[in-house]
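Open the model in your viewer and keep the sequence panel visible. This tour moves from one selection to the next.

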Amino acid sequence: MMSSNKLSSILGISTFGESHGPAVGILFDSPIPNKELPLEEIRAVLKLRAPKGLYSTARIEPDDIEILSGVFEGKTTGAPLCIIIRNQAARSRDYEAIKDLIRPGYADYAWLKKYHIFDYRGGGRASGRETVARVIAAELVRTYIPEIKILVSTLQIGEMSSAPGKTAPENTFHWPDADSYTDLLAYVESIRAAGDSIGGIIRVTAENVPAGLGDPIYDKLSANIAKAMLSIGSVRGIMFGDGLELAKKPGSWCNDQFKAGRLQSNHHGGILGGVSTGEELCFDLIIRPVSGISIEQDTIDHDGTDRKISISGRHDSCHIPRLIPVVEAMLTICLADAVQYQKLISRNQDLAGYREALNKLDEDLIMLLKRRKEVVKHVKLYKATHDLHPKDPEREREIAHKVRALAQELDLDVDLVDELMKLNLRISAI
Ligand SMILES: Cc1cc2nc3c(=O)[nH]c(=O)nc-3n(C[C@H](O)[C@H](O)[C@H](O)COP(=O)(O)O)c2cc1C
């Protein structure tokens, strides 16, 4: 698998683990040393993400935190910080009966096509269980953006809508409309009782986001937030600012006009040209219902034969209460990432800031060497299985030529870059 388990390359955080494996966890490559580990905060957010009563899965995990490395006397040492949460309540036998069936709506079908193997117990890596790692990661970088305040409220669950409020509602569903809350609970209960599931729309806002975050064009803040949000299982869409209204209204309405040195409106949700404006960040997420339902459905088995399936495992009938802390965590990581990157590229830095930037670049260089080595290993294997000669002097000459030309164009010492490439080849070959 390619390296697609990095939550953030700027911050250097990866996550790992599956629903029915021994544990899920995070590896934080370069935490700021000598900082108190926010254990209480991690415990609190794990509780928020945990199942909540009737509408949630009956799989209740103790979520005990185990620190494997990078902490001494309660503080980060600066060494890689590895935290795991053991899976203790996984009941793999629940899945035995349907192990040969493709579950509709799940990742099974597409992942089987890609990998030709699938861990049918729970959802494997596609399970909501993996989000434990995301909420831990967010607590480790929350102090990077102390001034930013994120609020999430639910605008819609199935057919029921609410008007967005300005404060985060205190109830389980973050439902801002107190008058219809009892009706909402009854509605979700009717879905659960029918063995079905339901999704909705949630609104996310962030106050005090500084202007200037985001890097055109491929690292726009909006693009990075969209990627972070769509990486969460079941998130189907994102709309910034006034969303669909922007498609209906003319430019004269959509433009945020200026007066007295400020924007007079915020139709675009605090981001223009991919960069934060300093106005409130605002976007809506479309959430699909979870796929695990006990209603009988048509499906196929691994041989393509028609079958029937009814999924009786432990599932969330409405997972939105559990998804909200995950969304909050992903936005925290995204904004911490953007703030950190802004520090790296900012010209007004002190020596410590410049050194931090250099350390990060050196680290990236080493990581690239490591990745190159892995790719070379695959090339060797490919050549061996396809009866190709391991050496290709013509290609090596071509690469050397290209690299020299690029070095010249970038005003780098061509001979030194040449030397570096030779070393690069040697490192990959060992
Ligand atoms: C916090 C959370 C809890 C979830 N719980 C369930 C669940 O109980 N049952 C289920 O089928 N899917 C659940 N999902 C959704 C699946 O993870 C997701 O739909 C599945 O991996 C397929 O990915 P996709 O929806 O992005 O296509 C949950 C997702 C999250 C974020």
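**A helix in the open**

Of the 17 residues of helix 10, the number buried is zero, so this helix lies largely in the open. Keep in mind that the model you are looking at is predicted. To find helix 10, select residues 393-409. From its first C-alpha to its last it reaches 24 Å, close to the 24 Å expected at 1.5 Å a residue. Now select aspartate 411, just after helix 10: its phi is positive, about 65°.

**Another helix to check with a ruler**

Next select helix 4, residues 181-193. Its 13 residues should span 18 Å at 1.5 Å a residue, and the end C-alpha atoms are 18 Å apart, which agrees. Just after helix 4 comes glycine 195, which takes a positive phi of about 75°.

**The largest nonpolar core**

Now turn to the largest nonpolar core, which has 63 residues. Ile136, Ala137, Val327, Met330, Leu331 and Ile333 have the most contacts inside it. Helix 8, residues 320-345, gives the most to this core, with 14 residues. Select isoleucine 136 as well: leaving aside neighbours within four places in sequence, it is in contact with Ile26, Ile42 and Ile83.

**Where helix 5 meets helix 8**

Keep helix 8 selected and add helix 5, residues 221-230. The two axes come within 9 Å and cross at roughly 145°, and the crossing is right-handed. On the helix 5 side, show Leu221, Asn224, Ile225, Ala228 and Met229; on the helix 8 side they meet Val327, Met330, Leu331, Ile333, Cys334 and Ala338. The residues of this contact divide into 10 nonpolar, one polar and no charged. As for the spacing of positions along a helix, an α-helix has 3.6 residues a turn, so residues three or four places apart point the same way.

**One residue of that contact**

Is methionine 229 buried or exposed? It is buried, because 21 other C-beta atoms lie within 10 Å and 20 or more is the cut-off. Methionine 229 lies in helix 5. Leaving aside neighbours within four places in sequence, it is in contact with Val235, Ile238, Leu285, Val327 and Met330. Measure from methionine 229 to leucine 331: the two are 102 residues apart in sequence and 7.8 Å apart in space, C-alpha to C-alpha.

**Last stop: an exposed tyrosine**

Select tyrosine 115, in helix 2, residues 108-115. It counts as exposed because it has 10 C-beta neighbours inside 10 Å, and the cut-off for exposed is 12 or fewer. The C-alpha atoms of tyrosine 115 and aspartate 415, 300 residues apart along the chain, are separated by 43 Å.

Definitions and conventions. Residues numbered from 1 in each chain as written. Predicted model: local features only at pLDDT ≥ 70, side-chain atom pairs only at ≥ 80, totals over all residues. Core = buried A, V, L, I, M, F, W, Y, C linked by C-beta atoms within 7 Å. Helix = DSSP H or I, 4+ residues; strand = E, 2+ residues; numbered from the N terminus. Contact = placed C-beta atoms within 7 Å. Axes fitted to C-alpha atoms, helices over the stretch in contact; angles between N-to-C directions. Left-handed = near helix turned anticlockwise from the far one by under 90°. Nonpolar A, V, L, I, M, F, W, Y, C, P; charged D, E, K, R; others polar. Expected span 1.5 Å × (residues − 1).
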